[in-house]
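Thanks for sharing this one. Here are a few friendly notes on how its aromatic rings are arranged.

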Amino acid sequence: MSYLYHTFFFDPLYNTLLLLFKVLPWADAGIVIILLTVLVRLILFPLSRKAVVTQVKMAEIAPELEEIKGRYKDKPEEQAKKTLALYKEKGVNPFSGILVIIIQIPLMIALYQIFLHFAEVRTDLLYSFVTAPGQVNTVFLGLVDLAGKSAVIALLAALSTYFQLQIAGRGQSAPKGNSFGDNLTRNMQTQMKYIFPVIVFFISYRISGVIALYWLTTNLFSIAQDLYVRSTLTKAKAS
């Protein structure tokens, strides 16, 4: 498993990072980290787009799902059958986002590990056409040393997390029932919206500015991606 992780995820990303440093000698670590993060997200865009489309469609059929849930609350088998029939009728695959998550997990772990020790060049991991860069400038835009902690970037990462969750959850209504499952879902949605950004702030601040910048870049890309996909879907329906 470790061999596959390094072959397909860690080593390619690590060499791409150092290659960017070599190709862009004028760029500081922050700019290179932003470029690498955006590059990875662009590669994943086709899969991520499917996940956003699924979220939009799930929000559209939410009232019908609630109706089925209420009508067949005492008949779980019939409820499941009607729910699957609705998914098929509307062309919704609620599990389409799972592939994106599965692929993103090792990618995010690799990026995290790389950025955590980005200033330490591992020559044993370099491809034959990649050479170690010279001294890495860790001061982002001449303002923030990413090798240390940055409360400002950590705060921006937290705020962008909040807005990203807001946009991703737009159109999705919380369960209206009073069952344990409905109450649990509502509580989890509230915690994700308000508590998770706080967690992001403390984690990104405690580790380093480079992790905070990576988190901020990822969130901003996700926001732009979500708005773009939703806009194209709206225009497609109007035409």
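How many aromatic pairs does the count come to? In this predicted model, the count comes to nine aromatic pairs. Some of them are worth a look in your viewer.

1. Let's start with Y162 and Y194. These two residues make a tilted aromatic pair, with 6.0 Å from centre to centre and 40° between the planes. The angle is neither under 30 degrees nor over 60, so the pair counts as tilted. The contact links distant parts of the chain: Y162 belongs to helix α6 (residues 151–168) and Y194 to helix α7 (residues 180–207), 32 residues apart.

2. Are the two tyrosines of that pair buried or exposed? Y162 is partly exposed, its relative accessible area being 24%. Y194 is partly exposed as well, with a relative accessibility of 48%.

3. Next, please look at F201 and Y205, which form a stacked pair: the centres are 6.1 Å apart and the planes make an angle of 5°. That angle is under 30 degrees, so the pair counts as stacked. Both residues sit in helix α7, and because they are four residues apart there, about one helical turn separates F201 from Y205.

4. As for accessibility in this second pair, F201 has a relative value of 21% and counts as partly exposed. Since buried means under 20%, F201 does not count as buried. Y205, at 32% relative accessibility, is partly exposed too.

5. Finally, which residues form one aromatic cluster with F10? They are Y5 and Y14.

Key
Residues numbered from 1 in each chain as written. Predicted model: local features only at pLDDT ≥ 70, side-chain atom pairs only at ≥ 80, totals over all residues. Heavy atoms only, no water. Phe/Tyr/Trp six-rings, centres within 6.5 Å; stacked < 30°, edge-to-face > 60°. Helix = DSSP H or I, 4+ residues; strand = E, 2+ residues; numbered from the N terminus. Buried < 20%, exposed > 50% of the residue type's maximum accessible area, 1.4 Å probe, protein only.
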